[in-house]
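Here is a quick tour of a small set of structural features. Have a look at the fold before reading on.

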Amino acid sequence: QEAKADKSKVKYGDRVSYGRITQELVSREMPEPSRDVHVLICGTKSFDKDMINYLKTLGYTSDMYFKF
């Protein structure tokens, strides 16, 4: 059973997504790759792998993200 999110802290105008981060969400929310954009990644091994794959698909290179 999926846990219910605490929606009491969400305010009018907030854009909120629930659930797993997908390629579609990353494509929609991330700016275009550029030398001025740096992405920090921290999560489980599978999360890190997914995020790096999503970023590469969008044209980010390895010097534009840091995994810790």
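Is I41 buried or exposed? I41 counts as buried, at 2% relative accessibility, where buried means under 20% relative accessible area, exposed over 50%, and partly exposed in between (1.4 Å probe, protein chains only). Keep in mind that this is a predicted model: local features need pLDDT of at least 70, side-chain atom pairs count only at pLDDT 80 or more, and totals for chains, interfaces and linings use all residues. Residues are numbered from 1 along each chain as its sequence is written, and side-chain values use heavy atoms, with hydrogens and water left out.

**Overall layout**

- The protein has two helices and two strands; helices (H or I, at least four residues) and strands (E, at least two) are DSSP runs, numbered from the N terminus.
- Going along the sequence, you read the pattern α-β-α-β.
- Of the 68 residues in the protein, 19% are buried.
- Take the contacts (heavy atoms within 4.5 Å) between residues at least 6 apart in sequence: 63% of them join residues at least 24 apart.
- About 5,800 Å² of the protein is exposed, and carbon and sulfur atoms supply 53% of that; accessible areas come from the Shrake-Rupley method with a 1.4 Å probe, and for residues only the protein chains shown count as cover.

**Around I41**

- I41 sits in strand β1.
- Setting aside neighbours within four places in sequence, I41 is in contact with F47, D48, M51, I52 and L55, and also with Y65, F66, K67 and F68.
- I41 and Y65 are 24 residues apart along the chain, yet 7.2 Å separates their C-alpha atoms.

**Helix α2**

- Helix α2 runs over residues 45–58, which makes 14 residues. From first C-alpha to last it reaches 20 Å, close to the 20 Å expected at 1.5 Å a residue; the expected span is 1.5 Å times one less than the number of residues.
- D48, M51, I52, Y54 and L55 are the buried residues of α2. They lie on the same side of α2 because they cover an arc of only 160° around the axis, the arc being that of the directions from the helix axis to the C-beta atoms.
- What do the buried residues of α2 pack against? Their partners are α1, β1 (39–41) and β2 (65–67).
- On the face of α2 turned away from the buried side you find the exposed residues K45, K49 and T57.
- G59 follows α2 and has a positive phi, near 105°.

**Salt bridges**

- Side chains of opposite charge can pair when their charged atoms come close. The rule used here is a side-chain nitrogen of Lys or Arg within 4 Å of a carboxyl oxygen of Asp or Glu, and by that rule there are five salt bridges.
- E29 pairs with R15 in one salt bridge, with the closest N and O atoms 2.5 Å apart. The pair links distant parts of the chain, 14 residues apart: E29 is in helix α1, and R15 is in the segment before α1. E29 is partly exposed at 39% relative accessibility, while R15 is exposed at 66%.
- D50 and R20 form another salt bridge (2.4 Å, N to O). D50 lies in helix α2 and R20 in the segment before α1, so this pair ties together parts that are 30 residues apart in sequence. D50 is partly exposed at 22% relative accessibility, and R20 is exposed with a relative accessible area of 57%.
- R35 and D63 also meet in a salt bridge (2.6 Å, N to O). R35 is in the loop between α1 and β1 and D63 in the loop between α2 and β2, so the pair ties together parts 28 residues apart in sequence. R35 is exposed, with a relative accessible area of 56%, and D63 is partly exposed at 47% relative accessibility.
- R15, E24, R28 and E29 are joined into one network by salt bridges that share partners.

**A nonpolar surface patch**

- V10, V16 and Y18 form a nonpolar patch on the surface, with about 260 Å² of accessible area together. Patches are made of residues with over 30% relative accessible area and no salt bridge; like charges are joined within 9 Å, and nonpolar side chains (Val, Leu, Ile, Met, Phe, Trp, Tyr) within 5 Å.
- V10 belongs to the segment before α1 (23–29), and this residue is partly exposed, with a relative accessible area of 36%.
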